[in-house]
Amino acid sequence: MKRFVPLLTLAFLAPQGAGAHPHIFVDTGMKVVVSDDGQLQAVEITWAYDEFYSLLIFEDKGLDGDFDGTLTAAELAQLQGFDLAWSEGFQGDTYLTLGGELLKLGAPEHLSTEVQDGRITTRHRRVLAQPQAADGVVIKAYDPTYYTAYTMNQGLDITGGCQGSITPPNLDQAYTLVEELLYAMPADQAEEAYPEVGEAFADTVRLSCGA
């Protein structure tokens with residue numbers, strides 16, 4: 001698995017069929033770390049999971065036994081890094097490109113895990129394998145299979161005097177793409193082999209530095 005998902009539970013509770021995507025909703029924020037000389041060094045990523053998925057995690061790990069939506073210190077400790085056990089090759093659903101070329105990121109470093117009003121929010125940091133000029137870098141948060149939907153609504157913070165813009169996806173184009181790809185495959189394969197359309201639904205962050 002790319003990261004922790006209680007698969008058996010989701011298999012019973014998630015609706016089936018092509019319309020079932022996405023199943024998990026994640027409010028997303030980013031802090032982009034840029035040096036004073038304009039070199040992109042790291043990105044810190046916030047994931048705030050929806051209440052239903054958070055509840056599934058609580059149940060799967062035996063947490064929040066009193067169902068009050070908060071965790072004790074001991075319970076919270078059990079949650080640390082639960083979503084960072086990634087399989088080999090998983091990109092972390094965060095993609096940085098410069099001139100169309102994918103920038104390599106290091107392994108995730110856990111920063112924090114919090115629970116408020118029944119929702120889990122985690123933060124992790126990923127350092128670039130090789131620092132790059134930040135100007136012109138494009139960042140997108142998405143699951144290629146669109147099983148998880150990410151929305152950039154938790155803030156964008158950029159250091160080093162650079163700026164960033166967030167462009168929402170063209171949903172008309174995205175849904176048209178889904179319809180076209182699903183129409184091209186047998187209906188009984190739509191769920192198991194759902195087309196990789198996640199990028200079409202992604203917000204686009206563009207960095208700019210200098211005058």
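**Exercise 1. Decide whether Trp 47 is buried or exposed.**

Solution. Start with the number: in this predicted model, the relative accessibility of Trp 47 is 0%. Buried means under 20% relative accessible area. Trp 47 therefore counts as buried.

**Exercise 2. Find out how the rings of Trp 47 and Tyr 150 are arranged, and which parts of the chain they tie together.**

Solution. A pair of aromatic rings is described by the distance of the centres and the angle of the planes. Let's take these in turn.

- Step 1: a search of the whole structure finds nine aromatic pairs.
- Step 2: for Trp 47 and Tyr 150, the ring centres are 5.9 Å apart and the planes stand at 45°, so this pair is tilted.
- Step 3: Trp 47 belongs to strand 2 (residues 39–49) and Tyr 150 to strand 8 (residues 148–158), so the pair ties together parts that are 103 residues apart in sequence.
- Step 4: Tyr 150 has a relative accessible area of 6% and is buried.

Both residues also belong to one aromatic cluster, formed by Trp 47, Tyr 49, Tyr 53, Phe 82, Trp 86, Phe 90 and Tyr 150.

**Exercise 3. Classify the aromatic pair of Tyr 175 and Phe 201, then say where each residue lies and how accessible it is.**

Solution. Begin with the geometry once more.

- Step 1: the centres of the two rings, Tyr 175 and Phe 201, are 5.0 Å apart, with 75° between the planes. Planes over 60 degrees apart count as edge-to-face, and that is the class of the pair formed by Tyr 175 and Phe 201.
- Step 2: Tyr 175 sits in helix 4 (residues 171–183), while Phe 201 sits in the loop between helix 4 and strand 10 (204–208), so parts 26 residues apart in sequence are tied together.
- Step 3: Tyr 175 is partly exposed, at a relative accessible area of 45%, whereas Phe 201 is buried, at 7%.

**Exercise 4. Work out the order of the strands in the open sheet of five strands, and look at how its members pair.**

Solution. Lay out the order and then walk along part of it.

- Step 1: the strand order is 5-6-2-1-8, and the pairing is mixed. Strand 5 and strand 8 are the edge strands, each pairing on one side only.
- Step 2: neighbouring strands of this sheet are turned by 25° against each other on average, direction ignored.
- Step 3: strand 5 (residues 109–116) pairs with strand 6 in the antiparallel sense over seven bridges, and Glu 109 has Arg 125 in strand 6 as its bridge partner. These two strands form a hairpin with two residues between them, and Asp 117 in the turn has a positive phi of about 55°.
- Step 4: strand 2 pairs with strand 6 (residues 119–133), also in the antiparallel sense, over nine bridges. Here Trp 47 from Exercise 1 stands opposite Thr 122 in strand 6, and Leu 40 has Gln 132 in strand 6 as its bridge partner.
- Step 5: helix 2 (residues 51–61) packs on the sheet, where it touches strand 1 (24–34), strand 2, strand 5 and strand 6. The direction of helix 2 makes about 100° with that of strand 6.

**Exercise 5. Describe the surroundings of Asn 153.**

Solution. Locate the residue and then look for its partners.

- Step 1: Asn 153 is found in strand 8 and, at 40% relative accessibility, counts as partly exposed.
- Step 2: not counting residues up to four places away in sequence, Asn 153 touches Asp 27 and Thr 28.
- Step 3: Asn 153 and Asp 27 are 126 residues apart along the chain, and their C-alpha atoms are separated by 6.0 Å. Their side chains make a polar contact (3.1 Å).

Key. Residues numbered from 1 in each chain as written. Predicted model: local features only at pLDDT ≥ 70, side-chain atom pairs only at ≥ 80, totals over all residues. Heavy atoms only, no water. Phe/Tyr/Trp six-rings, centres within 6.5 Å; stacked < 30°, edge-to-face > 60°. Helix = DSSP H or I, 4+ residues; strand = E, 2+ residues; numbered from the N terminus. Buried < 20%, exposed > 50% of the residue type's maximum accessible area, 1.4 Å probe, protein only. Pairing = 2+ DSSP bridges. Axes fitted to C-alpha atoms, helices over the stretch in contact; angles between N-to-C directions. Contact = heavy atoms within 4.5 Å. Polar contact = N/O pair within 3.5 Å; in protein donor to acceptor, adjacent residues only side chain to side chain.
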